[in-house]
Amino acid sequence: MTDFEHYFDWAATSPSDKEILRQSLELTLEDWANPSSTHQAGKNAKTLLESARTKAAEALCVKPENVFFTSGGTESDHIALLSVINKPNKGTVLISSIEHPALREMGDEVKKAGCKVEYIPADKDGVITPEAVTSLLTKETLLVCVMAVNNETGVIQPIKEIAEAITKASEGGRKPKFHVDCVQAAGKIPFNLKEWGVDSAAFSAHKICGPRGTGILYLKDGEKGLEPFLRGGGQEKGIRSGTENVFGALAFSKCLEKYFISEKNMAALESYKKQRELTDKFVNKLASLNGCTIIPPSRIEKTELFSPYVVQAAFKNIPGNVMLRALDSKGYYISTGSACSSRKNNRPVLEAMHIEGPLRETAVRFSFGPLTTASAIDDLFAAVSEVNSTFNS
């Protein structure tokens with residue numbers, strides 16, 4: 001059995017909330033029919049699916065008609081990105097240089113379809129500024145993609161300010177759509193989609209204790225706001241064809257209800273505040289170690305600009321994979337970056353931040369979740385300190 005107490009790779013995936021998954025499975029075992037079927041059994045399953053949509057919408061503070069269930073964060077990102085291929089005008093797509101591979105690498109496919117793709121530069125802190133976005137906007141820009149929280153550094157992007165800058169820069173002309181990957185934001189920072197003013201957003205269940213293979217695409221204008229590239233049976237109002245995953249939708253909605261951070265969910269908000277204190281203490285202790293560099297270094301002074309659930313640090317003379325294996329042998333689980341690109345040696349996010357080669361090669365990621373305890377973080381620091389002292393005494 002994996003020791004969840006010493007699991008520090010929550011940004012890759014989270015332990016499942018067993019009670020939520022058990023409840024959701026029991027409900028779908030009772031109403032097991034295809035929710036698109038018109039007989040009574042199908043209608044019962046449809047009712048269950050729509051109850052999940054309503055619950056998810058309430059947690060996200062949006063309307064049910066804005067919520068579309070998908071197979072995960074990657075598909076939600078792809079639906080938004082690939083919608084530009086159907087546009088008669090093959091315009092430009094702007095993608096942040098620190099984006100998850102789901103968007104960054106799919107940009108190459110969009111290029112092949114005839115669209116122009118430009119990558120928005122990040123500053124040394126890993127921030128995509130509104131100015132960086134608007135400097136690339138033209139009348140041909142169709143879509144802008146900027147993630148809410150970076151999955152490797154935990155940097156919180158100024159999404160509301162970027163949305164406002166796009167609107168202002170587009171006055172008198174056509175405003176491009178603004179898509180946000182919220183996979184590392186849901187359950188990790190408090191936010192409000194409507195206040196942000198974004199056009200679409202992607203979510204993934206398995207990042208907040210839900211099942212793998214389930215996601216949500218938020219569309220501000222509902223199905224009228226997007227022209228899907230992939231077609232089929234017309235489920236999810238044509239946005240995402242394919243038989244609906246009722247179990248996944250139910251479980252995800254319950255996880256959002258329990259873990260999504262907002263003023264109306266005080267338990268989640270208090271957990272977030274507690275984690276911020278624990279993480280700030282952990283970062284400061286790491287920074288005191290000989291040969292350790294926090295990435296970016298500004299995190300030590302600007303803690304409010306980072307999610308408390310993701311920390312990136314580099315250790316002199318210790319390649320990332322060596323630190324990972326050393327901690328693994330002690331029963332501590334971390335990563336060297338995004339799980340989706342863990343088999344690749346390059347670190348595009350750190351490269352986009354102009355982090356020097358030696359630091360990129362020795363960087364590792366620590367990520368936490370609602371089950372992480374203060375004592376577990378203390379244990380982690382002790383283990384990291386022991387490994388570091390072997391190489392940097």
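In the predicted model, Val310 of strand 9 has a bridge partner in strand 10, namely Ser367. Strand 9 covers residues 310-315, and strand 10 covers residues 363-367. These two strands pair in the antiparallel sense over five bridges. They belong to an open sheet of three strands. The order is 8-9-10, and the pairing is antiparallel. Strand 8 and strand 10 are the edge strands, each pairing on one side only. On average, neighbouring strands here are turned by 30° against each other, direction ignored.

The loop between strand 8 (292-295) and strand 9 holds Pro296. A cis peptide bond joins Ile295 to this proline, with omega at about -10°. Most peptide bonds are trans.

A second open sheet contains seven strands. Their order is 1-7-6-5-4-2-3, and the pairing is mixed. Strand 1 (67-70) and strand 3 (116-120) stand at the edges. Each has a single partner strand, so one side of each is left without a neighbour in the sheet. Neighbouring strands of the seven-stranded sheet are turned by 20° against each other on average, direction ignored.

Within this sheet, strand 5 (residues 177-181) and strand 6 (residues 200-204) run parallel. Three bridges join them. Val180 stands opposite Ala201 in strand 6. Two helices pack on the sheet. Helix 3 (residues 73-82) touches strand 1, strand 2 (92-96), strand 4 (141-145), strand 5, strand 6 and strand 7 (215-219). The direction of helix 3 makes about 160° with that of strand 6. Helix 7 (residues 159-169) packs on the sheet too, touching strand 4 and strand 5. The direction of helix 7 makes about 170° with that of strand 5.

The loop between strand 6 and strand 7 contains Cys209. Phi of Cys209 is near 75°, a positive value in a residue other than glycine. Most residues other than glycine have a negative phi.

Helix 14 (residues 374-391) packs with helix 10 (residues 266-287), and the two axes come within 11 Å. They cross at roughly 15°. Angles under 35 degrees count as roughly parallel, so helix 10 is roughly parallel to helix 14. Their crossing is right-handed. From helix 10, the contact takes in Gln275, Leu278, Lys281, Phe282, Lys285 and Leu286. These meet Ala374, Ile377, Asp378, Leu380, Phe381 and Val384 in helix 14. By class, the contact has eight nonpolar, one polar and three charged residues.

Helix 14 also packs with helix 11 (residues 320-329), at an angle of about 125°. Their axes are 10 Å apart. Helix 11 and helix 14 are therefore oblique to each other. This crossing, too, is right-handed. Helix 11 contributes Val322, Met323, Ala326 and Leu327 to the contact. Helix 14 contributes Leu380, Ala383, Val384, Val387 and Phe391. The contact of helix 11 with helix 14 has nine nonpolar residues, no polar and no charged. Leu380 and Val384 of helix 14 are listed in the contact with helix 10 and in the contact with helix 11.

Helix 1 (18-30) packs with helix 9 (residues 246-259) at an angle of about 145°. The axes of helix 1 and helix 9 are 9 Å apart. Helix 1 passes helix 9 in a right-handed crossing. On the side of helix 1, the contact is made by Ile20, Leu21, Gln23, Ser24, Leu25, Leu27 and Thr28. Helix 9 supplies Val246, Phe247, Leu250, Ala251, Lys254, Cys255, Lys258 and Tyr259. The residues of this contact divide into ten nonpolar, three polar and two charged.

Aromatic rings form a further set of contacts. A pair of aromatic rings is described by the distance of the centres and the angle of the planes. With centres within 6.5 Å as the cut-off, the count comes to eight aromatic pairs. One of them is formed by Phe8 and Phe368. Their ring centres are 5.9 Å apart and their planes stand at 80°, so the pair is edge-to-face. This pair links distant parts of the chain. Phe8 is in the segment before helix 1. Phe368 is in the loop between strand 10 and helix 14, 360 residues apart from Phe8.

Methods
Residues are numbered from 1 along each chain as its sequence is written. This is a predicted model: local features need pLDDT of at least 70, side-chain atom pairs count only at pLDDT 80 or more; totals for chains, interfaces and linings use all residues. Side-chain values use heavy atoms; hydrogens and water are left out. Axes are lines fitted to C-alpha atoms, for helices over the stretch in contact, and angles run from 0 to 180 degrees between N-to-C directions. Helices (H or I, at least four residues) and strands (E, at least two) are DSSP runs, numbered from the N terminus. Angles under 35 degrees count as roughly parallel, over 145 as roughly antiparallel, 65 to 115 as roughly perpendicular and the rest as oblique. A crossing is left-handed if the near helix is turned anticlockwise from the far one by less than a right angle, and right-handed if clockwise. Contact means heavy atoms within 4.5 Å. Ala, Val, Leu, Ile, Met, Phe, Trp, Tyr, Cys and Pro count as nonpolar, Asp, Glu, Lys and Arg as charged, and the others, Gly among them, as polar. Two strands pair if DSSP finds at least two bridges between them. Rings of Phe, Tyr and Trp (its six-membered ring) pair if their centres lie within 6.5 Å; planes under 30 degrees apart count as stacked, over 60 as edge-to-face and the rest as tilted.
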